[in-house]
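Student: I am new to this structure and would like to take a close look at a single part of it. Could you choose one residue, describe its surroundings with care, and then place it within the rest of the chain?

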Amino acid sequence: MNVVGKIGDKLKLTTSYNTEATFDYENQMKLEYTGYEDEIIKKIEAGNVSLPLNGSLITGSQTLFGIKTQLQFGRLTITSVWSQQKGKKS
C-alpha cells in the first residue's frame, strides 16, 4: 500500500506499507510540514528521515526514524535531526 495525502498546501503524509516486508525499516511513514518562503520554519519532517552529507569523511544516514527541522533566520540556515538509526551498513 502506498498512500500520499495532502492537507492544505503545507502538510503532507506519505506512507508505504508492505505486510510481506522482510525488515521493519522497509515500511516507510513520513509526516511533512513545508512553510512558505518568508517563514522561519522551512520544513519539519517526522517519521523516516534522511541526513545527506556532502563530505566523504563523515557519511550521512538514510535509515533514520525521528524528527528533522530546517529553520532560517535571515541568511542563517539551521538543520537539526533527532533520530534513531534503524539500519546498519556493512
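Tutor: What follows looks at one lysine, K68, and then at the chain around it. Please keep in mind from the start that this is a predicted model, and that the distances and areas below are computed from it.

The protein chain has 90 residues, of which 18% count as buried. It contains 6 strands and 0 helices, so that reading from the N terminus gives the order β-β-β-β-β-β. K68 belongs to strand β5, which covers residues 61-73.

Is K68 buried or exposed? K68 has a relative accessible area of 9%, and because the cut-off for a buried residue is under 20%, K68 counts as buried. Although buried, K68 has no salt bridge, and the nearest side chain of opposite charge, that of E45, is 4.9 Å away. A salt bridge would need a side-chain nitrogen of Lys or Arg within 4 Å of a carboxyl oxygen of Asp or Glu, which is why the pair K68 and E45, at 4.9 Å, is not counted as one.

What the side chain of K68 does reach is the backbone oxygen of S50, at 3.2 Å. S50 is also one of the residues that K68 touches once neighbours up to four places away in sequence are left out. That list includes K43, I44 and E45, then V49, S50 and P52, and finally T79, S80 and V81. E45 therefore appears among the contacts of K68 even though no salt bridge is formed. One further distance helps to place the residue: the C-alpha atoms of K68 and G47 are separated by 8.8 Å, while the two residues lie 21 places apart along the chain.

Turning to the beginning of the chain, strand β1 (residues 2-7) pairs with strand β2 (residues 11-16) in the antiparallel sense, over 6 bridges. Within this pair, V3 stands opposite T15 of β2. The hairpin that β1 and β2 make has 3 residues between the strands, and G8 there takes a positive phi near 70°. Strand β2 is also joined to strand β3 (residues 28-34) by 6 bridges, and these two strands run antiparallel; here T14 has K30 in β3 as its bridge partner.

Two values describe the protein chain as a whole. Its accessible surface comes to about 7100 Å², of which 56% belongs to carbon and sulfur atoms. Among contacts between residues at least 6 apart in sequence, 18% join residues at least 24 apart.

Terms used: Residues are numbered from 1 along each chain as its sequence is written. This is a predicted model: local features need pLDDT of at least 70, side-chain atom pairs count only at pLDDT 80 or more; totals for chains, interfaces and linings use all residues. Side-chain values use heavy atoms; hydrogens and water are left out. Helices (H or I, at least four residues) and strands (E, at least two) are DSSP runs, numbered from the N terminus. Buried means under 20% relative accessible area, exposed over 50%, partly exposed in between (1.4 Å probe, protein chains only). Lys and Arg count as positive and Asp and Glu as negative; His and the chain ends are not counted. A polar contact is a pair of N or O atoms within 3.5 Å; within protein, one must be able to donate a hydrogen and the other to accept it, and residues adjacent in sequence count only if both atoms are side-chain atoms. Contact means heavy atoms within 4.5 Å. Two strands pair if DSSP finds at least two bridges between them. Accessible areas come from the Shrake-Rupley method with a 1.4 Å probe; for residues, only the protein chains shown count as cover.
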